[in-house]
Amino acid sequence: MREKQNTLKILLKSGLLSGVIALSVSMIGMVGLFSQRDMIAGVLTLGQLLLFASPAAFAYLEAVKISKDDWRKGLLAGLFIGVLSAIPLIILVIISTLVNLRQYFVSVSDTLIQILTFNQDVFLGSILLILVMAFVGLIAAGMRYMPIKYRHPIFQGLIWTFGVSLFSEVLSERVRSFFGSFITKIMFKSRATQPLFAIVLFVFIAGITYWQQGHKSSIKDFIDNQPPKKKRQYQLIFLGIGILILIILPLILGTYLSEVINNVGLYILMGLGLNIVVGFAGLLDLGYVAFFAIGAYTMAVLTSEGALGISAFSFWAALPFCVAASVSAGILLGIPVLRMRGDYLAIVTLGFGEIIRIMANSDLLKPFIGGAQGILQIPKPSIGNIVLFKPGQLYYVILIGVLIAAYISWRLRDSRLGRQWMAMREDEDVAEAMGINLVNTKLLAFAIGAGFSGLSGAIFASKLTSIFPHSFNLLISINVLSLIIVGGLGSIPGVVVGAAILVGLPELLREFKEYRLLMYGGLLIVMMLAKPEGFWPSTIQKRELHAFQESTSGNDT
Amino acid sequence: MAMLEINDIHTYYGNIQALRGISLKVEQGEIVTLIGANGAGKTTTLRTICGLIKPRQGSVYLEGENLINYKAHEIVYKGVAMVPEGRGIFAKLTVLENLEMGAFSRTDTKGIQDDLEFVYELFPRLKERRNQVSGTLSGGEQQMLATARALMARPRLLLMDEPSMGLAPILVEGIFETIVQINKEGTTILLVEQNATMALSVAHRGYVLQTGEIVLQDTAANLKQNEMVQKAYLGID
């Protein structure tokens, strides 16, 4: 009896919480704005998807808590949460017919009410809303009772279908340029997928995933079971295919997506550098943008064809100077903060970042670096007589930079210096008592990290052809830090994944305007709760967060 | 020449004086223990010897060479290793990786391999768990690991800070048995302990510290009989 009451209480709580979330996304205007955007033409809008996301998620999560055998109870819980989620929305609908809520909440418009009531009158609409929400909750809870063999393909199918629908605008443009407008029309309608195509895509992906379940591991096993020499060959083949894809990528992606990839690439470069400082060496640096700025300004001053340029260096000739300048800056910052740890270090580096930005903005240095007007007429990189002005061409410069930085990071991680960094990160005193020279170790981390960032800044300056102090604000430092945390601290592939998620996705979702940062923040919170080690964690990081599970399973044997 | 000779050390934390003129001597092959209450300056003495904190005054001689002008990481190369208080193992690394870190100051691959075998022999438990993440070891095993890691530097002088802290009595006995064994293999040991009974039963000589000063020094056997020591540290009325 007691237990039953408890379950009911928990369900009531989650149901209402889910309802409040649905209510708040409606009232701040997200549902209204997103409803203008079709996902699957004529069937589902993005606004509806957002509205149903919270009951679906809560119903699934609650069902997971209920015992596996008790499917009736689980389904009932889903149904219950669905109905409860609808209630705050219905109250909103009813109140808005009595009072003009728009005076207080700008986003509670007639359109929103129409969306919530499916264009019906208040009574019929409310009932419809309850039914739909209940249905969503029921289905979501039902997913839990489906064997994983079927559940996994369905999830995959849904993710792909929604993903393709979400990015239909970019994708349809690409499909058109490759296959012509006839095929595009079959697949997409304005900025949404055609219903039929969505179904085909879902079935296709779900089918492939289902088929793969039996075979995926066997491909990996096949390679693992090869003799070392053969195994090496296979690995080389896969590496070759990977590089080939990277090389032809801009041809597939087209101008706009190449530009997005270039931005992601610059962030990857910075992320790889900060990953050495924070991820490997454990030195929290919040002023990382300073080195990016120093790299960019060095490039600008050395190559600019405008009044502020001091020499007519080419991009390539200036590049080593940019890296050298930021490495020196890294060492200069490193020396005074040698004795600082943790929070204190973070504050000092934060200050350093601001000093550089404010200096770039100051009148004092205006004769040299242009103050707020910045530096203009920076030439793009060129090879021989070919100027690399298209994003698809600049891509290769960034790609080479990223590959070099990734290779250096990878080799350093497994080197003696990598070990020193790791020991220092864990415990500075013990590291010193093991015979590690903390001064050199710290300065090397700062210097190498700064070098990667300077390289990124130099390419950035040349890519934009003009730079201004406001491009180097604190937000960049925070973004870079966030992306290495989301990817997984200390993990090199994690940097790539983090940059793609935190830099690439928002770039593609520009149409969501001011809600972009809200979603960004939401993603970070959910991510830290659900997967604190990051999307692609390093082995050591994984160990830390799952040490308990490992130890318990270790003791069983 | 004494293995370690400390003369009149004054060490400060900021403006607070922690050591008020400590002098002590450890001869080659000895086990010497420092006993004393919390805050007496035992750990500070060890930290001063291995260079983690610099004294304002005084000298530390290791076989006639003054260590004061060397940094902590350089002193390791002189043959001094420390087992830090609270063990201080690298929790995210495996047992083997921790041991390899202990040998960081060395480059003789063959010698490291031999010493690895030696510590595995000393602590068979660590060999069993060599691929386990060390943060998941029990307290006693972590203490073994910290000791083994310090031995991997093949020190001539081993500084041990409270090896019995937080361990069950049965494990404490095991740890002290190993201390004797390590000493028999030729390593000189300076042992800081609150568990005076155990410390005095394995040590050759002892010093008693009180608020940063040495108040008593004698052979371990005599200290055990000393009325003041019995009352204050051995719990005998």
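# Exercises on a predicted two-chain model

Chain A is divided into domain 1 (1-145), domain 2 (148-213) and domain 3 (253-483), with bounds taken from an automatic or database domain assignment. This is a predicted model, in which local features need pLDDT of at least 70 and side-chain atom pairs count only at pLDDT 80 or more, while totals for chains, interfaces and linings use all residues. Residues are numbered from 1 along each chain as its sequence is written, and chains are lettered from A and ligands numbered from 1 in the order in which they are written.

## Exercise 1: Confidence and domains in chain A

Find where confidence is lowest and where it is highest in chain A.

Step 1. Start with pLDDT, the predictor's confidence in each residue, from 0 to 100. Its mean over chain A is 88, and 96% of the residues of chain A reach 70 or more.

Step 2. Now look at the helices; helices (H or I, at least four residues) and strands (E, at least two) are DSSP runs, numbered from the N terminus. The lowest confidence in chain A falls in helix 23 (residues 547-556), with a mean of 43, and the highest in helix 18 (residues 438-464), at 96.

Step 3. Check the weak stretch. Over residues 548-557 of chain A, pLDDT stays under 50, and the model has five contacts beyond four places in sequence for them. Two residues are in contact if their C-beta atoms, placed from the backbone, lie within 7 Å.

Step 4. Finish with the domains: 46 Å separates the C-alpha centres of domain 1 and domain 3 of chain A.

## Exercise 2: The six-stranded sheet of chain B

Work out the strand order of the open sheet of six strands in chain B, and what packs on it.

Step 1. Two strands pair if DSSP finds at least two bridges between them. The order in this open sheet of chain B is 6-7-8-3-9-10, with mixed pairing. Strand 6 (80-83) and strand 10 (213-219) of chain B are its edge strands, each pairing on one side only. On average, neighbouring strands are turned by 15° against each other, direction ignored.

Step 2. Follow the pairs. Strand 3 (residues 31-36) and strand 9 (residues 205-210) of chain B are parallel, with five bridges, and B:Leu34 stands opposite B:Tyr207 in strand 9 of chain B.

Step 3. Add the helices. Helix 1 (residues 42-49) of chain B packs on this sheet, where it touches strand 3, strand 6, strand 7 (157-161), strand 8 (188-193) and strand 9 of chain B. The direction of helix 1 makes about 150° with that of strand 7 of chain B; axes are lines fitted to C-alpha atoms, for helices over the stretch in contact, and angles run from 0 to 180 degrees between N-to-C directions.

Step 4. Helix 6 (residues 139-151) of chain B also packs on the sheet, touching strand 6 and strand 7 of chain B, and its direction makes about 170° with that of strand 6.

## Exercise 3: Strand 8 of chain B

Is strand 8 of chain B largely enclosed or open?

Step 1. A residue is buried if 20 or more other C-beta atoms lie within 10 Å of its own, exposed if 12 or fewer, and partly exposed in between, with C-beta atoms placed from the backbone.

Step 2. Six of the six residues of strand 8 of chain B are buried, so this strand is largely enclosed by the rest of the structure.

Step 3. Sort the side chains. In a regular strand the side chains alternate between the two faces of the sheet. Here B:Thr188, B:Leu190 and B:Val192 point one way, and B:Ile189, B:Leu191 and B:Glu193 the other.

Step 4. Name the partners. Strand 8 of chain B runs parallel to strand 3, joined by five bridges, and B:Val32 stands opposite B:Leu190. Five bridges also join strand 7 and strand 8 of chain B in parallel, with B:Val192 as the bridge partner of B:Asp161.

## Exercise 4: Where chain B touches chain A

Describe the side of chain B that touches chain A.

Step 1. The contact takes 19 residues from chain B and 19 residues from chain A.

Step 2. Helix 2 (72-77) and helix 3 (95-102) of chain B are the elements giving two or more residues to this side. Helix 2 of chain B supplies the largest share, four residues.

Step 3. Sort the chain B residues by type: eleven are nonpolar, seven polar and one charged. Ala, Val, Leu, Ile, Met, Phe, Trp, Tyr, Cys and Pro count as nonpolar, Asp, Glu, Lys and Arg as charged, and the others, Gly among them, as polar.
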